[in-house]
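User: I'm new to this structure and would like to see how the labels people put on it are earned. Can you take me through it?

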Amino acid sequence: MHSSDFQDVFLDITDSTNRVARELGEQGAAHGIGVLAACQTAGRGRLGRRWYSPSGKNLYCSYIVRPNIDLHHFPKLTMTAGVAAAECLHDVYKIQVGLKWPNDLYIGSKKCGGILSEFTADRYGNTFAVIGIGINCNLESSDFSAEIKDIATSLLIAGAENLEVTELFQAIKSSLLSTIKDFESKGFSEVLKRWQAYDLFRGSNMVWLTPDGRRVEGENLGPDTDGMLRVKDTEGMIHLVLTGDVNLVNRE
Ligand code: BTN
């Protein structure tokens, strides 16, 4: 199959759009091909978590991207996608969003979306990325369970009425592809500068729970030039966070 034979895929229901996009990518689907589902039965979040994916009200999508950058830069696509989504929500939908490292989308102090990026090689040996994006769009306050109602919100609650999920899927795709072009031509510093404009938690006191279960508390100094988060602990030592969970001290 030729890469131009693939088109965006629209599904009523699937387990995870990241799984579908990954399979299409493995078969050679081209840069920018997206998968949008109305509902996911096994939506996945970062760090092995589940992503709540009720039917018909939210954006659940994944894009295959094949950027013209060195392999070692691929992890930076996560923040690149965060900027693209934040700028799209701000510029197109006039929503005041912020970013929490590495790529959570926030409105005020509540999360409205997240990004899960995965990297793999296709059958021809070319590495590609799957950028999975979940955004709470048309959920009302009463749709959230007691467990998450204090920490989660939606674009509707933030004032975006009559939002069309398919339009948002297209708008984010064009923002993502143009931000990747900027990364390719101007380097990651350009993406980082724009990410910093949305950084909600720089200067805050945070706790980093390391993948091996340690707890590091300190000031969030924001991401470095490679996109790793810097946390300055109480003794002045700077830790570089590549993965794991970083939360406000009172949000542990
Ligand atoms: C996170 O904040 O933990 C990331 C959440 C990413 C969820 C999206 S929904 C569409 C795509 N398919 C998945 O299974 N996950 C991502």
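Analyst: Sure, we'll go from the domains to the ligand and then to a few single residues, keeping in mind that this is a predicted model.

User: What makes this a chain with domains, and where do they run?

Analyst: The domain assignment splits the chain into domain 1, residues 3-196, and domain 2, residues 205-250. Their C-alpha centres lie 24 Å apart. Where the two meet, eleven residues of domain 1 and 15 residues of domain 2 are in contact.

User: How do you know how much area is buried between domain 1 and domain 2?

Analyst: Buried area is what two parts lose on being put together, summed over both. For domain 1 and domain 2 that comes to about 930 Å², with 59% given by carbon and sulfur atoms. On the domain 1 side, Lys-100, Trp-101 and Leu-192 lose the most area, together 53% of what that side buries.

User: Why is the pair Lys-76 and Asp-226 called a salt bridge?

Analyst: The label needs a side-chain nitrogen of Lys or Arg within 4 Å of a carboxyl oxygen of Asp or Glu. Here the closest N and O atoms are 3.7 Å apart, so the pair passes the 4 Å cut-off. Across the interface of domain 1 and domain 2, the rule finds one salt bridge. There are also three residue pairs in polar contact between the two domains.

User: Which helix gives the largest share of the domain 1 side?

Analyst: That's helix H4, residues 188-196, with four residues. By class, the domain 1 side that touches domain 2 has six nonpolar, one polar and four charged residues.

User: What makes Lys-173 and Asp-8 a salt bridge, and which parts does the pair tie together?

Analyst: Their closest N and O atoms are 2.9 Å apart, and the limit is 4 Å, so the name fits. Lys-173 sits in helix H3 (residues 165-186) and Asp-8 in the segment before strand E1 (9-11), so the pair links parts 165 residues apart in sequence. The whole structure has 18 salt bridges.

User: How many residues surround the ligand, and which are closest?

Analyst: There are 20 around the ligand, and the closest are Ser-16, Gln-40, Arg-44, Arg-46 and Lys-111.

User: What puts Arg-44, Arg-46 and Lys-111 in polar contact with the ligand?

Analyst: The cut-off for a pair of N or O atoms is 3.5 Å. A backbone N or O atom of Arg-44 is 2.7 Å from a ligand nitrogen. For Arg-46, a polar backbone atom lies 2.6 Å from a ligand oxygen. Lys-111 uses an N or O atom of its side chain, 2.7 Å from a ligand oxygen. Each distance is within 3.5 Å, so the label holds for these residues.

User: Why is the link between Glu-118 and Asn-18 called a polar contact?

Analyst: The two side chains meet at 2.9 Å, which is within the 3.5 Å allowed, so the term applies. Glu-118 is in strand E6, residues 110-121. Among the residues Glu-118 touches are Arg-44 and Phe-128.

User: What makes the bond from Trp-101 to Pro-102 cis?

Analyst: Its omega is near 0 degrees. Pro-102 is in the loop between strand E4 (98-100) and strand E5 (104-107).

User: And what is the phi of Leu-47?

Analyst: Leu-47 has a positive phi of about 55 degrees, although Leu-47 is not a glycine. Look for Leu-47 in the loop between strand E2 (34-37) and strand E3 (59-65).

Terms used. Residues numbered from 1 in each chain as written. Predicted model: local features only at pLDDT ≥ 70, side-chain atom pairs only at ≥ 80, totals over all residues. Heavy atoms only, no water. Domains from an automatic or database assignment. Contact = heavy atoms within 4.5 Å. Buried area = accessible area lost by both parts, 1.4 Å probe. Polar contact = N/O pair within 3.5 Å; in protein donor to acceptor, adjacent residues only side chain to side chain. Helix = DSSP H or I, 4+ residues; strand = E, 2+ residues; numbered from the N terminus. Nonpolar A, V, L, I, M, F, W, Y, C, P; charged D, E, K, R; others polar. Near = heavy atom within 4 Å. Lists of a residue's contacts leave out its neighbours within four places in sequence.
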